[in-house]
Amino acid sequence: VYLNAVLQKLAKEYQSSFGFAASIPDDWLILTKQAVNENPALVDVKGAQLASVNPDRFRELMARVESGSVEMLFSRTTSDAAFADNINVMVRHGQIPVFRDRLAQACEGFSAKLAKTAGRTLAVVHCESRDLGTFKAVYLEYEGVVAGTVTMQYQIQRPNNELLQVTATCRQASLEKVRSEFD
């Protein structure tokens, strides 16, 4: 309880344009369409905020943020010149599998899709159904496409065939810190 109280004091409220709110630790930089509109300096790739992000990849991500199709969060304390630990949020269309046999098929398909995208087989650590309050979700955790990273993802079922997809990717060295903040 004490730790939660301390963390809440060190957190800020994040109101997503995708219809949810979350407490985010102060050491995370939140990039949303609104935040970028209010502070255009956030998208300055030369700025000190995110110097470790590949400039071309950063411009591509910022175009998606500015369009409102994705929201990004970057850890300012666990990131370094080699990699920026991050969380991205977006809405996609689809249905999560609710029956065990369908989930097993989806997990197998996910592994194959990952291998195709990465050009190599990636270890899938978790592919399971979870309840998040009143929402059903699929939780995935797998070896990141970038060597030495781990990706965690929640696909949360919403009405009207929508999935809220929240994905965190971090270096192996910061996994426990990022996992606790992500969950």
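The charged end of Arg130 sits over the ring of Tyr139, 3.7 Å from its centre (NZ of Lys or CZ of Arg within 6 Å of the ring centre and within 35 degrees of the ring normal). This is a predicted model, in which local features need pLDDT of at least 70 and side-chain atom pairs count only at pLDDT 80 or more, while totals for chains, interfaces and linings use all residues. Residues are numbered from 1 along each chain as its sequence is written, and side-chain values use heavy atoms, with hydrogens and water left out.

**Exercise 1.** Identify the aromatic cluster that includes Tyr139, and classify the ring pair Tyr14 and Phe20.

*Solution.* Tyr139 forms one aromatic cluster with Tyr154 and Phe182. A search of the whole structure finds 4 aromatic pairs (ring centres of Phe, Tyr or the six-membered ring of Trp within 6.5 Å; planes under 30 degrees apart are stacked, over 60 edge-to-face, the rest tilted). Because the planes of Tyr14 and Phe20 stand at 85°, with centres 5.7 Å apart, the pair is edge-to-face.

**Exercise 2.** Describe the surroundings of Gln153 in strand 8.

*Solution.* Begin with exposure: at 5% relative accessibility, Gln153 counts as buried (under 20% relative accessible area, with exposed over 50% and partly exposed in between, for a 1.4 Å probe and protein chains only). Next, leaving aside neighbours within four places in sequence, the residues in contact with Gln153 include Tyr139 and Phe182 (heavy atoms within 4.5 Å), both of which belong to the aromatic cluster of Exercise 1.
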